[in-house]
Amino acid sequence: MTRRSTLGARNRGIPEATVARLPVYLRALHTLAERDIVTVSSEELAAAAGVNSAKLRKDLSHLGSYGTRGVGYEVQYLVYQISRELGLTQDWSVAIVGLGNLGRALAGYGGFASRGFRMAALLDADPVIVGERINGLTVEHIDKLEQIIADCAISIAVLAVPASAAQPVCDRVVSSGVTSILNFAPVVLAVPEGVDVRKVDLSIELQILAFHEQRKAGGPAGMEQEYLEAVDGS
């Protein structure tokens, strides 16, 4: 079993930007399916996914899915096509390293299993946390990392560790054969070629939102004017 869920897409030349949008389409399709919607037009699906319909049609054409004129796309079949392309029809074993607040929240999320991801192992260095049961799994000590990756056939490692520990843990994970990493630590990881790292930095996302909030208020100048008016009125 391949460890890289987008390998098929790469081999067939599907652009990385398209691959990045496929999960968004899949989420929108699952929502439609839950509402018992059988078919959807490209315009409706594009609106639900937050893209324009021309981009959506082009993206789906890479999968060989063109829809039916006057009818649109069959929701369940498109769910299957995208899931297959992303590798979600397989069982991907996931290990979470770091069971602080974020790691616990991830471990407790029940939506992974329905998307093809099986939470297989939890690891931490804190002896207070080691041995705890979280969502049916016992937290193991980080010293057992290599053994657990092998025993559980881990495909994807999720790092929810402090920044100072991220690179050493990453090195051990990669040395154990894992080539797909989801990194929540606020640090850029150095990995060899052939290892995929997706970085999730919540602080950066908040800063981007702050930028847009500032723009709504008229930009830095507008914020400064608001401040001066507040000072003058005090």
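In this predicted model, the buried residues of helix H6 are covered by elements that include strand E3 (92-97), strand E4 (117-124), strand E5 (133-134) and strand E7 (156-159). The residues in question are Gly-103, Leu-106 and Ala-107, which are buried within H6 (residues 101-108). Viewed down the axis of H6, these buried residues fall within an arc of 100°, so they line one face of the helix. This arrangement is a welcome reminder of a general rule: an α-helix has 3.6 residues a turn, so residues three or four places apart point the same way.

Attention then turns to helix H2 (residues 16-34) and its contacts with two other helices, H3 and H4. Helix H3 spans residues 42-49, and its axis comes within 9 Å of the axis of H2, with a crossing angle of roughly 110°. H2 is therefore roughly perpendicular to H3. On the H2 side, the contact is made by Val-24, Tyr-25, Ala-28, Leu-29 and Leu-32, while H3 contributes Leu-45, Ala-48 and Ala-49. Sorted by class, the residues of this contact comprise eight nonpolar, no polar and no charged.

The second partner, helix H4 (residues 53-61), has an axis that comes within 10 Å of that of H2, and the two cross at roughly 105°. H2 is thus roughly perpendicular to H4. Here Thr-18, Arg-21 and Tyr-25 of H2 meet Lys-55, Leu-56, Asp-59 and Leu-60 of H4. The class make-up of this contact is three nonpolar, one polar and three charged residues. Tyr-25 of H2 takes part in the contact with H3 and also in the contact with H4.

How values were computed. Residues are numbered from 1 along each chain as its sequence is written. This is a predicted model: local features need pLDDT of at least 70, side-chain atom pairs count only at pLDDT 80 or more; totals for chains, interfaces and linings use all residues. Side-chain values use heavy atoms; hydrogens and water are left out. Axes are lines fitted to C-alpha atoms, for helices over the stretch in contact, and angles run from 0 to 180 degrees between N-to-C directions. Helices (H or I, at least four residues) and strands (E, at least two) are DSSP runs, numbered from the N terminus. Angles under 35 degrees count as roughly parallel, over 145 as roughly antiparallel, 65 to 115 as roughly perpendicular and the rest as oblique. Contact means heavy atoms within 4.5 Å. Ala, Val, Leu, Ile, Met, Phe, Trp, Tyr, Cys and Pro count as nonpolar, Asp, Glu, Lys and Arg as charged, and the others, Gly among them, as polar. Buried means under 20% relative accessible area, exposed over 50%, partly exposed in between (1.4 Å probe, protein chains only). The arc is that of the directions from the helix axis to the C-beta atoms.
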